[in-house]
Amino acid sequence: MRYSQKLDRRLLAFVTAALCLCAPVWGQIEQGSIRDVLRQTVEESTEDSPFEAAKDSGSIYVFGEFKPVSKGSNLVAVPVLLPGRNAWVSVLSSSGHPVANVSVLVEGVPFTTDASGIAALQIPKVQSLTLAIVDAAKKAVDQRKYGITSSGMLVCEPCSVDIYGRLLELAPQRAKGPVIAYAPLAVQAREPILVVGRNFAASPSDDEMIVDGLDAPILSGSPVALLATGPARVSVGPVRELFVRAGEESSPVREVDVCRVEFGCRERNLQPGQRYRAKVQVIGSNLPCIVDLYNRTANSVHLFDAESKLLPAKVRIVTPGGENNLVRYSLSVDNTEELAIETHLQPDVVPGAPGAEELMSDDDFRMSVLEATSGDITRLQRRLISAENRLLLVKQSRDAHGQEASLAADELDRANAEIKLLTNRQSRLVSMISSRRVILESLGGTEEAYRKAVELASTSSSAVVVPQNKEHPITAPPANQTGPDGSGKALPEASSGNAQINRSAGEKTAGAQPDASKTDASKTGSSTAAGGKSELQKTIFQHSSTVPKIIENSSMETDAGKE
């Protein structure tokens, strides 16, 4: 009964994800991605793309009978598998619908998809592996190739470094239930989410991913990785919970910022021959984010960077982080037609993840990930310092009042509850920083670069600077766009219609951190934040306080930029 209910729910989630997309499709861009497929709608055309031609790689030998797929079908698979273990994948049509009753080939051995487009696979013990779906002529319509790594895992090619092996070293090997070693720091509704860890069920009936209390539809899984899409109705805001459930066991919680990326222009009535101010803004996170921008009207709408350089139709942007977390541009138009400019978050920064297929082959993309990861480490370290300072204050206040026997039982319970929450958060942040360090070093970053990123958490941070890519440029904000603390508070401007932040609905802009230059804390967080001690103590031990209020105030001060 439970299995059939989950299948029905997954089928409904797949159909909803395909029909409810509000943004137009990017189409297959160079190396096609599940990100592109999930944005398509039924009404859109399925024209051939350069990637479709690249998928075809000759005939594949098939053992026994098989069920072919139509042209344009897509194979959705996690980028890492375990030899000799189970896994499961999905087959989606060009419009994003699940494709039932077709064959997924594992080294030529067919496995049939069910009504939800899911095929449960048995991965053989081999050094290399090909997963494929084929047409009636046995030609590959889509395929994934895997190679063995030094850690004994099959990783989607090309991957010249064993990032997944190093990430899994962070997860306890003897943990009873599922454990997350890597998860994205920022996610977006309907965008892919890749989680890497241990002890996942590798079964479509048992694997679940929860983001801010909502089910994230999982498309593929293995014992060490899950690939899902962000819940369509998840609300925007910083520091939300993400965890994985395998059967009856649940993993520890990871923090994730739920974001919305928007392109905005203050002027509505655009006229030819004039320049207008525009911006790309990440709402819901103060972390540096990688954003893909696609100007579908590049022939008539021209975007310029801060140096008045004309940008191509497809641009990869690294935002500076901070409270505003935006990059400013200017634009001009040749006519009065409506703008068609798309922005999408690139949440995952590990090889083989959706949207990061070219990470190891594109040096400029890799450099942008390095720069963004360094900024992430700095911001996470600031959160850690704030959490540790808060933890120290609560303990000191509890102990002081306890010695004087002036603390009521309910106040003591509230203090102990907050100490437990802060201790758990401290462990989460340490683990999140460690996974970012693995990514930084695996992609070419040095120990010195990591130390500098950590040290910046206690000093003034600088703007993110990334190199330019001729074909797929990476743009960064000008130096005067961010304040001395890296918060991005320069050049205030009224937001355009769709970029407006709904503060009345409780959506926080970015969860920015207090200025680290205003604290006297070391990077270990052993001392108290300057100027905040008396206010924090009042918050903790007010007789009218409740446990939820204490927790909420702590979260706001450490994660939402409250000073």
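Two strands pair if DSSP finds at least two bridges between them. Keep that rule at hand for the exercises below. The model is predicted.

**Exercise 1. Find the partners of strand E20.**
Task: Which strands pair with E20, and in which sense?

Solution.
Step 1. Locate the strand. E20 covers residues 276-283.
Step 2. Take strand E19, residues 254-265. It is joined to E20 by 6 bridges, and the two run antiparallel.
Step 3. Take strand E24, residues 326-333. Here too 6 bridges make the link to E20, and the sense is antiparallel.
Step 4. Zoom in on Gln281 of E20. Glu262 stands opposite Gln281. In E24, the bridge partner of Gln281 is Leu326.
Step 5. Check the cover. In E20, 7 of the 8 residues are buried.
A general point helps here: strands of a sheet pair through backbone hydrogen bonds, either parallel or antiparallel.

**Exercise 2. Read a sheet from edge to edge.**
Task: What is the strand order in the open sheet of 6 strands, and which strands are its edges?

Solution.
Step 1. Write down the order: E2-E9-E8-E7-E4-E5. The pairing is antiparallel.
Step 2. Look for strands that pair on one side only. These are E2 (80-81) and E5 (109-112), the edge strands.
Step 3. Test one pair inside the order. E8 (residues 140-148) and E9 (residues 154-156) share 3 bridges and pair in the antiparallel sense.
Step 4. Name one bridge of E9. Leu154 is the partner of Ile148.

**Exercise 3. Decide whether two cysteines are bonded.**
Task: Why is Cys289 not bonded to Cys259?

Solution.
Step 1. Recall the cut-off. A disulfide needs two cysteine sulfur atoms within 2.5 Å.
Step 2. Compare the distance. The sulfur of Cys289 is 4.9 Å from that of Cys259, its closest cysteine sulfur, so the gap is too far for a bond.
Step 3. Check the whole structure. The search finds 0 disulfides. Cys259 is in none.
Step 4. Add the surroundings. Cys259 is buried, at 3% relative accessibility. Cys289 is buried as well, with a relative accessible area of 3%.

**Exercise 4. Describe a surface patch.**
Task: Which residues make the nonpolar surface patch of about 340 Å²?

Solution.
Step 1. List the members: Tyr61, Phe63 and Val109.
Step 2. Place Phe63. This residue lies in the loop between helix H3 (50-55) and strand E1 (74-76).
Step 3. Classify Phe63. Its relative accessible area is 48%, so Phe63 is partly exposed.

Methods. Residues are numbered from 1 along each chain as its sequence is written. This is a predicted model: local features need pLDDT of at least 70, side-chain atom pairs count only at pLDDT 80 or more; totals for chains, interfaces and linings use all residues. Side-chain values use heavy atoms; hydrogens and water are left out. Helices (H or I, at least four residues) and strands (E, at least two) are DSSP runs, numbered from the N terminus. Buried means under 20% relative accessible area, exposed over 50%, partly exposed in between (1.4 Å probe, protein chains only). Patches are made of residues with over 30% relative accessible area and no salt bridge: like charges are joined within 9 Å, nonpolar side chains (Val, Leu, Ile, Met, Phe, Trp, Tyr) within 5 Å. Accessible areas come from the Shrake-Rupley method with a 1.4 Å probe; for residues, only the protein chains shown count as cover. A salt bridge is a side-chain nitrogen of Lys or Arg within 4 Å of a carboxyl oxygen of Asp or Glu.
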